[in-house]
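Visitor: Could you walk me through this structure, beginning with the ligand?
Guide: Happily; here it is.

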Amino acid sequence: MTSLFPQIDTPVQESNKGPFVAVAIEQGIDRLLDYMVPAGLVRSLRVGQRVKVPLGRNNRSVHGIVIEVKHSTTYPRLKSLLAIDDDRVLIDPKLMELALWMSRYYITPLGTVLESIVPSAVKRKTGVGTVRMVRALKSRAELQESFESTRAPKRRAILARLMLLELNEGIELPKLASESGCTPATVTKLVRAGLISITAEQDMPRFADAIGQATVPTEIDIQLNEGQQKVFTELLPRLGGGFSVNLLLGVTGSGKTEIYLQCIRKVIEQGKQALILVPEIALTPQTVRRFTARFPRVAVLHSGLSQTERHRFWHQISTGQADVVVGARSAIFAPLPQLGAIVVDEEHESSYKQDTAPRYHARDVAIKRGQLESIPVLLGSATPSLEMYYRSSQSDRNAPPASPDPRADSQAEPAASPEPIYHLLHLPRRVRNLALPHVEMIDLRQERTFRSGVHLLSRRLEKLLGETLAKGEQAILLLNRRGYSNFVYCASCQEAIHCKYCDTTMTYHRSAGADPGTARSAEGAHTGQLHCHYFLAVNPLPEFCPACKKKLILFGLGTQRVEEELKRKFPDLSFERVDSDTMRSSKDYEATLARFAGKTIQVLLGTQMIAKGLDFPNVTLVGVISGDTALALPDFRAAERTFQLITQVAGRAGRGDVPGRVVLQTLLPETPAIRFALKQDYAGFAAEELGLRKEVGLPPFARMVRIVIRDTDLDKLHARSEDLAASLSEAVLEQGDQVRLRGPMPCPISRISGYFRNQIVLISPSPARLQKVLASLRHEGALAKSDRIAVDVDPVSLL
Ligand code: ADP
C-alpha cells in the first residue's frame, strides 16, 4: 500500500525495532509517515484507528489514521506514536481501499480523503462519554513477579488489583485508581514500564435504542406495471451480487423509485444492506417517507441532524443495525458492514460533486465502491449525465467502448469480462398510463412586440395560470436566478456594477419584506441591496452611477421580479418564493412544501430548488420563465444543464389524473437544448450533444482535469501558473499527443473573494496517461500547496 506514497530511501536502522505504523496525517501531508509503537500500545493497535502522533520540529500533536502496521521501515529516525485516540476501527478494510483509490484518482492526500470519510462527530465522539480503560499487558504470573519485586506500596496495590482481572478484561482508570488507593497518574506510570495499556473507549451502551424502532412500515410493495416488471426482472439476477452498473433511464413519474424500493427489499432479504444516495434537496419528508414507510430500520443522513444524532447513526450503521441508509453526497461513505447494493437517484445532479478537497463525485465513488464490494450499483434519472448514458448505451450494444472507462484507473482496470459491466434500462412511459405533460414554447422575442413594459409572464402563461387557479389546481413557476435583477447598469458609462472583490456583476435584491408598493422610495428610486453571489458581499444600491452620477438601470431578471409581477397581476394569489434567500433552513423548505401539499399555497415560484423530485398530483401547470438562464454560461455543459433543468421541472406537471401543461419561455427557440426539451426527447438531445462532444474531444470522449491556481497578488499568480504549466508541459510531452494542455488562462470568473484565478485544463482520451502526468507532478510535490492550487478531476463546473 505505502509504495504509492514515495518515501525517502534510506536503509533500515538496526536500532529501530518494530512494529511500526504508517499513518496518514489529517492535515493533508501528501505521503504517509512512519512511527514507532510504544510497547504498551502494540496489542491494541489496529489498522483504521485514529491516533495521535508528533509532527514537525516542535512535535506538535496531530491526528492521523493508521494505514498499515509493519515490521520494517525505511525511515532512519523515527518518533513514537503518542496515543490511540479512538479504540474503534473507524475505517474498515474496504473503505480503506476506497480511500486509497480516491487519493490516487482525485490527486488528494490520503489524510484529506480519510478526513472526509469519517464524520467529524465520530472523530470528536460527540454525545458519547469516553472512558479510559486499563488492560494488563502481561500474564498473571508476570504480574505476580513484578508485584514481588517492587516495594512501592501503591504500585503493589495496583498490580494486586490487576491480577484479579480475566484475560483481556479491562478496568476503568478512575475505578482502578480508587480501588488501589492512588491517583490515576500513578497508574499511568505503569504504561511506561510496559505493564499495562490505557485506551480511550466509548461507553457505547448509551446507543442501545436502535434505528427506526419509532418508524413502523405501513406500506407494502406496489404491483409493478409491465414496463417496471421487465426492468425488475432484468435486474433481479444482478441483485444477487457481482459488480454491475445499471442506468435506469425513466421519464419523470415512470416509477423509478418503486424499482429502487423493490430492489432494496431483495437485498435485505439476503441479509444485506442497501445504500441510497439522493441530492440533498430531495431529502424532504416526501422522499424519506417512501423509505421509512416500507422498511423498519432506515437511517436518514440529512444536513439537519445534530452532531450527536450523526454519531449515533454512524455507530448503528457500522454495527449492522440499519438495513437501509438514505443520504446525500457524503452518505456514500456510510460504514455498512454487509453492503448489498447502492442506488444513486438523479445521478446527473451536480450536487454529487464536492467542491472542496477531496473533489470527489459521489456517483463515481459509488461505482468504485460497487466494484470493490462486488455489488450492483443502480443509477436512476430522467435526464442522465451524458457520461453515464454514453457508457451504458455502448456497453449494452456489446461493442467495445470508444473511450476507456474513466471510472477505473490504470491499476484498477477490471479484467475483461464476458458480461458487460454497464447496462441501460428504460422506463419510457409514466405509471398508470399518465401522459407526459404537453410543452408549448413561447418565443419571447415576438412576445415583446405585443405589449409594452416589462412582462416576465407571457400572455399565454398568464392566461393558463388564471385558468389553472380557477379550477383549484396548482402551478410551479421556475426561474433559475434569485434576486431582482442580475445587472445594475449605467447606460451612459456602459458599465455594470461589479463586486469589489470578484469578477462578477452584482445582483440587485430588493429589501427583505418590502412589497412592490414600497420597494421604491418617494423619488421612485429602488431601495435594496446589491449582492455578490460569490463573495457574499452586500452593498446598498447607489441611487446614481458612482462614476458619472447618471441614473442606473436594473437589467435582467430574478425571482424577486417575478414575485413583484405576480403580486401585481394576481393580487389574490397565495404563493411562496422558494430560493436560497427565502429558504434559510431545510425546515423552511419542508414547511413550504407541506403548505403546498395542503393547498394553502397555490403557486410555488422558485429556482432549481423546486425543479426536482417533487411529486404533487394537483400540479397541472409548470411555467419556465426563462429557459435560457444557463445557456450563456461559458461551460461546455451549458446545453446539458439547460435540457436537464427544463425536462425535470416539466416533469412536475400532470402527475395526478389531470394532464399537465408546460409553458417554456425563451429568447433562443432554435437552440437544440430548447428544441429537444420541448419534445422531452432525451435520446434525441443526447445523440446531438454527443455528436458535438465527440467532434471536439470533450467528455465523455475524453477525461478532463482542471487545475485552478489562485493568489491575491496578480504577478505571483502568473509566475506560479507559468511554473506549473512548464512542469506540466514536460510531463505532457512524454505522453506523445495523447494529452492536451490548455492554459494557463484566467478562469471565466477571474477573481473571487479577492483572489485572482487562473486555470490550466488537461484533456485526454486516455485516463491512464492523464493520471501519469498528474502522478509525476504529484511526485515532485508541485500539487501539494493545496490552498493555492486546486486540482479538480472530472470537473462539473468550469467557472
Ligand atoms: P419517478 O421516481 O420515476 O419519478 P415514482 O417512483 O415517484 O416515479 O412514481 C410516481 C408515482 O407513481 C408515485 O406516487 C408512485 O407511488 C406511483 N407508482 C409507481 N409505480 C406504480 C405502479 N406500478 N402502479 C401505480 N402507481 C405507481
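Guide: A polar contact is a pair of N or O atoms within 3.5 Å; within protein, one must be able to donate a hydrogen and the other to accept it, and residues adjacent in sequence count only if both atoms are side-chain atoms. This is a predicted model, where local features need pLDDT of at least 70, side-chain atom pairs count only at pLDDT 80 or more, and totals for chains, interfaces and linings use all residues. Residues are numbered from 1 along each chain as its sequence is written, and side-chain values use heavy atoms, leaving out hydrogens and water.

Visitor: Which residue has a backbone N or O atom 3.0 Å from a nitrogen atom of the ligand?
Guide: Two other residues use their side chains: an N or O atom of Q228 is 2.7 Å from a ligand nitrogen, and one of R290 is 2.8 Å from a ligand oxygen. The backbone N or O atom at 3.0 Å from a ligand nitrogen belongs to Q223.

Visitor: How many residues surround the ligand?
Guide: A residue counts as near if one of its heavy atoms lies within 4 Å. The closest include K256 and T257. The full number surrounding the ligand is 17.

Visitor: Which strand does β30 join through seven bridges?
Guide: Strands are DSSP runs (E, at least two residues), numbered from the N terminus, and two of them pair if DSSP finds at least two bridges between them. R742 stands opposite V761. The antiparallel partner of β30 (residues 740–752), at residues 755–764, is β31.

Conventions. Helices (H or I, at least four residues) and strands (E, at least two) are DSSP runs, numbered from the N terminus.
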